[in-house]
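Please load the model in a viewer and keep a selection panel open. The stops below proceed one selection at a time, each followed by what is to be found there.

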Amino acid sequence: MRGALQSAAAERRVTAAVILLVIASYVFMGFVALSDRENPDPRDAPYNLLARGFLSGHLYIDKAAPQGLMALRDPYDPDANRPYTVNSAHHLHDISYYRGRLYLYFGAAPAVLVFIPWHLLTGGWLAQWAAVAALCVAGLLVNASLLWSARRREFAAASAWAMPAAVLVIGFASYAPILLSRPDMWEVPIAFAYLGVSLALRFLWEAFRGEGRFATWIMLASAAIGLAFAARPTVMPDALILALPFLLAPVRRSLRAWAGAIIPVGLCGGAVALYNAERFGNPFDFGQKYQLAGQYVAHLRLFSAGFLSSNLWLYLFQPVHWTSIFPFADEPPDGMLPAGHGTVEHMSGVLLNAPVLWMALAAALIFAARRPAARIALAAIAAAFVFAGSLILVSLFFGACARYEFEFAPALALLAALGILAAESFPGPRWRLARVLWVPALAFSVAFPMLYGIDRCVLDHDYNGIGYAGNGDALHAEREFAIARALSPGNRFSRLALGAVLSSKGESTEALGIFEGLVRDEPGYAMAQFDLAHELAVQGRLDEAVAHYEIAHSLEPGDMKMLSALDAARAARARPRASPGR
């Protein structure tokens, strides 16, 4: 008995340590990522603008529409509104504009339940990256509590390290680090919905006992789903999991249970409808067609069955490009997509790149063989429904983004964690042999989301640096490139861009050093050869410049800019007074 107690205490300590490790990873990723914390004051972040609008007594954000935007004949034309959206000081990308006011088409629940309370309690404004990280941490703790309850009540025979392994699955294979690699306006409602759905599953876990205060648990689950819907409308199909407790006879006979299932989610749905009607004159209009974006959103076919198969492949099996430079995983080029398909953003198939998620299938097989209690079976069915429903819904959408994977991957991760607990509770060498498969899969599934998330951070800081450089802000451009290099010291793109910024500032010697180091490390990088040649030409070292222009041209023979610069450098060498072109 004493040995068992010591083992249980050790399991709790190790599990707590793993939870702290996951939380630290979330905070790290959110902190180094590019988000609205780049603004001087988080009060200007979109969700704080919405919170400020609510506190001022109106539904539009606390930001005036620019006069130039209001004067446009068609403000939704992306070519016309570009001065106010892309690389603009107005920061209106993906904001909805309607009758002279600016709105968020994203759900209002995070503003009401997170950003406003934070402001009222602290007097300050919560950074969006911190909100996303906090919501992901809260969801992790909720799911860990469900797993711990299942471990104690259903899988008591599982090995002592099964629970820490299960926490690693829900912490990393859920793709939370990838969501946190760009914790901005788009990710806030997704993270809030994740917490809401996690709470609903946790409350239903208690309701599935079919005894005690099951009606109260069902009511709480209904409220959690309703609030998640108020943040992210794609949660709507998940409301069907509220029907699962009624498979139990005691629940079916309870009028309080029926009321608890219907009323809270109905009230939240009604509040969203009223919110939409007050903003856009239609209870079913979320304002997406009024979106200021890089595309004319009202003219797009946003949902179609024609996108389903290609998106399923992207979400489940899309490979990444592996390199020898940290963080090793890089975004691959887009494959063949159906007509009308939109953006594909930093995709990686979850079943290919987080292979421990296949333990969800093992869970189904184990449960079928074991004939589990109704409670664990219903919990698995609920998680499976959330996974499948969310996956299919986002796969019908015209775009595919990494953040959408966090709408279905957490439920699949929860299933996989239950599968590990179940496998580790079976006696005999056959099930221990399964560790040969899932333990390495778990290790890879922990590492990949962090590596791919860092890759996303590096790309975002690089592109942000380019935006600053294009606007003549060399100081902020250098800072962004420095962050990218700190995260990925061998990252050639940020090194090249920093050299270009220094060159534009007239710091030719410093720029030359960067280009020489980059060419030394990657002689096959055509743009490095090209920029080095330009800098050598600026310094009058024309023989060396021509040599590097020739290398750049040989690497990219179809690039007319390189050919033109080579010809100009040769001419300048023949006539020293001439100035070579870049």
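Select Trp358, which sits in the loop between α14 (350-353) and α15. In this predicted model, Trp358 counts as partly exposed because its relative accessibility is 41%. Extend the selection to Trp313, Phe317, Leu352, Leu361 and Leu365: together with Trp358, these residues make a nonpolar surface patch of about 630 Å². Two elements, α13 (308-317) and α15 (359-370), each give two or more residues to this patch.

Remain with α13 and turn to its buried residues, namely Ser310, Asn311, Leu314, Tyr315 and Leu316. Which elements do the buried residues of α13 pack against? Displaying the surroundings shows β5 (344-345), α14, α16 (374-395), β6 (400-401) and α17 (402-405) as the packing partners. The spacing along such a segment may be read with the helical repeat in mind: an α-helix has 3.6 residues a turn, so residues three or four places apart point the same way.

**Salt bridges**

Strand β5 offers a route to the next stop. Select Glu345 and Arg182, which form a salt bridge with their closest N and O atoms 3.7 Å apart. Arg182 belongs to the loop between α8 (176-179) and α9 (187-207), whereas Glu345 belongs to strand β5, so the pair ties together parts that are 163 residues apart in sequence. Is Arg182 buried or exposed? Arg182 is buried, because its relative accessible area is 13% and the limit for burial is under 20%.

The structure holds 26 salt bridges in total. Side chains of opposite charge can pair when their charged atoms come close. Three further selections illustrate such pairs.

- Select Arg52 and Asp62, whose side chains meet in a salt bridge at 3.1 Å, N to O. Arg52 lies in helix α2 (residues 46-55) and Asp62 in the loop between α2 and α3 (67-71), so the pair ties together parts that are 10 residues apart in sequence. Arg52 is buried, with a relative accessible area of 10%, whereas Asp62 is partly exposed, at 29%.
- Select Arg82 and Asp79, whose side chains form a salt bridge of 3.2 Å, N to O. Arg82 counts as partly exposed at 35% relative accessibility, and Asp79 counts as exposed at 55%.
- Select Arg153, Arg202, Glu206, Arg209, Glu211 and Arg375, which are linked in a network of salt bridges.

**Two buried residues, Gln128 and Leu104**

Select Gln128, a residue of helix α6 (residues 128-153). With a relative accessibility of 1%, Gln128 counts as buried. What joins the side chains of Gln128 and Asp184? A polar contact of 3.1 Å does so. Beyond residues up to four places away in sequence, Gln128 touches Asp36, Ala45, Pro46, Tyr47, Phe115, Pro183, Asp184, Met185 and Val188.

Now select Leu104, located in the loop between β2 (101-103) and α5 (109-122). Leu104 is buried, its relative accessible area being 0%. Apart from neighbours within four places in sequence, Leu104 is in contact with Pro46, Tyr47, Leu50, Ile61, Ile95, Met185, Tyr275 and Arg279. A distance label between the C-alpha atoms of Leu104 and Leu49 should read 9.3 Å, although the two residues are 55 apart in sequence.

**Two helices, α7 and α23**

Select helix α7 (residues 162-173), which has 12 residues. From its first C-alpha to its last, α7 reaches 16 Å, close to the 16 Å expected at 1.5 Å a residue. How many of the residues of α7 are buried? The count is 12 of the 12, so the helix is largely enclosed by the rest of the structure. The buried residues include Met163, Val167, Ile170 and Phe172. Just after α7, inspect the backbone of Tyr175, which takes a positive phi of about 75°.

The final selection is helix α23 (residues 508-521), with 14 residues. Its reach from first C-alpha to last is 20 Å, close to the 20 Å expected at 1.5 Å a residue. Within α23, the residues Ser508, Ala511, Leu512, Phe515, Gly517, Leu518 and Val519 are buried. Displaying the neighbouring elements completes the tour: the buried residues of α23 pack against α22 (492-504), α24 (526-538) and α25 (542-555).

Technical notes
Residues are numbered from 1 along each chain as its sequence is written. This is a predicted model: local features need pLDDT of at least 70, side-chain atom pairs count only at pLDDT 80 or more; totals for chains, interfaces and linings use all residues. Side-chain values use heavy atoms; hydrogens and water are left out. Helices (H or I, at least four residues) and strands (E, at least two) are DSSP runs, numbered from the N terminus. Buried means under 20% relative accessible area, exposed over 50%, partly exposed in between (1.4 Å probe, protein chains only). A polar contact is a pair of N or O atoms within 3.5 Å; within protein, one must be able to donate a hydrogen and the other to accept it, and residues adjacent in sequence count only if both atoms are side-chain atoms. Contact means heavy atoms within 4.5 Å. The expected span of a helix is 1.5 Å times one less than its number of residues. Patches are made of residues with over 30% relative accessible area and no salt bridge: like charges are joined within 9 Å, nonpolar side chains (Val, Leu, Ile, Met, Phe, Trp, Tyr) within 5 Å. Accessible areas come from the Shrake-Rupley method with a 1.4 Å probe; for residues, only the protein chains shown count as cover. A salt bridge is a side-chain nitrogen of Lys or Arg within 4 Å of a carboxyl oxygen of Asp or Glu.
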